[in-house]
Amino acid sequence: MTKAFYNEIGISEEVLSFGEKCLSELKERFEEIDRIAECNQLKVLKAFKDNQVSESCLWGTTGYGYNDFGRDTLEAVYASIFHTEDALVRAQITCGTHALALALMSNLRPGDELLSPVGKPYDTLENVIGIRPSRGSLAEYGITYSQVELLEGDKFDYEGIKNAINERTKLVTIQRSKGYQTRKTFSVAEIGELITFIKSIKPDVICMVDNCYGEFTELLEPTDVGADLMVGSLIKNPGGGLAPIGGYLVGKHECIENAAVRLTSPGLGKEVGASLDTLRAFYQGIFLSPTVVSAALKGAIFAASIYEKLGFEVVPNSNESRHDIIQAVAFHDKEKLIAFCEGIQSAAPIDSYVRPEPSDMPGYDSQVIMAAGTFVSGASIELSADGPLREPYAAYFQGGITWPHVKFGILNTLQTMINKGLIKL
Ligand SMILES: *Cc1c(COP(=O)(O)O)cnc(C)c1O
């Protein structure tokens with residue numbers, strides 16, 4: 001029966017049975033992912049119950065957004081889920097970069113220094129910090145930056161970090177996910193160790209975590225192990241594929257209040273900012289997020305298993321523990337990378353009939369190919385892939401809001417390569 005449905009949508013029996021063979025070896029890993037989703041679902045539900053989310057919370061406000069009960073309750077729900085004093089969860093935060101920039105610009109003052117103890121931060125933060133000279137950067141406001149590289153094996157350079165911390169060090173930024181780098185993604189436990197070490201040297205330094213792509217991949221979050229401030233995007237994990245826009249900050253009251261007066265205005269802070277029609281999607285999105293993230297995690301592991309069996313280098317591999325939803329597959333071949341992205345695109349519910357083309361992108365030194373047929377434009381919690389057209393010709397793959405869809409998407413990449421004669425099973 002199942003075969004017939006796959007056949008109808010273009011997956012051969014050969015590809016399906018190859019996929020099933022890989023899956024049969026992943027049973028225990030999938031059970032572990034389901035267990036994490038189960039616990040996180042309860043954690044989220046408890047936050048809803050504890051904050052007495054009611055039907056009227058789902059309705060938004062317009063204009064100034066004074067007395068926006070639904071918005072304020074949503075922020076209380078986020079603070080409960082992440083065990084923090086306060087939260088800022090807003091549609092007016094336009095994306096992850098904006099949320100991170102807001103956190104930095106509001107908690108740093110001229111003369112302060114920002115430290116990244118985990119090497120280079122995400123590309124777009126280079127403009128925010130002023131590593132790449134940019135209009136409006138922290139550097140323009142006299143905020144300096146220092147960076148400590150990771151050691152061999154992506155270990156923290158504790159000696160280097162100790163030496164880098166000085167009397168001006170005000171905030172330490174720790175990126176959990178590898179993003180588009182080749183380093184590993186840090187586990188919450190590792191982040192906890194790093195924060196403990198940093199606090200032992202300078203107790204009052206603000207430890208911030210860029211949590212993009214990490215939410216609900218583990219039982220604990222960085223705020224459970226000492227982070228003062230944690231930041232992410234609602235069109236990634238915590239939006240559950242439903243949030244149409246937005247970003248969040250959770251953490252110490254002081255840090256969140258700084259961000260609120262910077263997002264709106266001194267004197268106004270969290271009191272303004274109409275939620276318009278976003279609240280239902282925000283609530284339902286975070287409610288669904290634990291199982292959506294579990295689908296994305298299964299997809300990432302399934303892709304790793306398939307492509308490592310075919311001899312490609314996959315990061316992480318199918319046995320390693322997971323701390324974000326990103327999967328990299330290095331093809332070392334332009335045509336295979338393109339075929340992979342074509343397979344993802346044609347598996348999408350939206351724009352399945354378009355073919356992705358490599359093109360020049362601002363800020364990249366080579367062409368980039370991107371595949372995303374998403375309900376929310378550019379939402380990478382939905383099935384999506386991209387990769388720069390240069391060695392190692394790696395596809396970065398993530399998302400998928402249901403497991404059957406991600407499974408089909410991965411099988412479809414393989415089918416596309418076989419149809420083009422690039423791979424034989
Ligand atoms: C996606 C991402 C960002 C930036 O988010 P945008 O929404 O793309 O601006 C920052 N850091 C990491 C680790 C990310 O994955």
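In this predicted model, helix α5 (residues 96-107) supplies the largest share of the shell around the ligand, namely three residues. The full set surrounding the ligand is made up of C95, G96, T97, L100, Y122, Q175, D210, C212, Y213 and K236. By character, this shell divides into five nonpolar, three polar and two charged residues.

Several polar atoms of the ligand can be paired with particular residues. On the oxygen side, one ligand oxygen atom sits 2.8 Å from a polar backbone atom of G96, and an oxygen atom of the ligand lies 2.5 Å from an N or O atom in the side chain of T97. D210 meets a ligand nitrogen atom instead, with an N or O atom of the D210 side chain at 2.6 Å. The ligand taken alone exposes 380 Å², and the protein buries 89% of that area.

Turning to the protein interior, the largest nonpolar core holds 99 residues. Within this core, the members that touch the most others are Y78, F302, I306, Y307, F331, F340 and F397. Helix α10 (residues 279-309) gives the most to the core, contributing 15 residues.

Y78 offers a handy view of how such a residue is placed. Setting aside neighbours within four places in sequence, Y78 is in contact with A87, V89, L234, P238, Y248, V250 and I286. Apart from the largest core, there is a second, separate core of 26 residues, which includes A101, L102, A103 and I143.

Note on methods:
Residues numbered from 1 in each chain as written. Predicted model: local features only at pLDDT ≥ 70, side-chain atom pairs only at ≥ 80, totals over all residues. Heavy atoms only, no water. Near = heavy atom within 4 Å. Polar contact = N/O pair within 3.5 Å; in protein donor to acceptor, adjacent residues only side chain to side chain. Areas by Shrake-Rupley, 256 points an atom, 1.4 Å probe, with all protein chains shown as cover. Helix = DSSP H or I, 4+ residues; strand = E, 2+ residues; numbered from the N terminus. Nonpolar A, V, L, I, M, F, W, Y, C, P; charged D, E, K, R; others polar. Core = buried A, V, L, I, M, F, W, Y, C linked by side-chain atoms within 4.5 Å. Buried < 20%, exposed > 50% of the residue type's maximum accessible area, 1.4 Å probe, protein only. Contact = heavy atoms within 4.5 Å.
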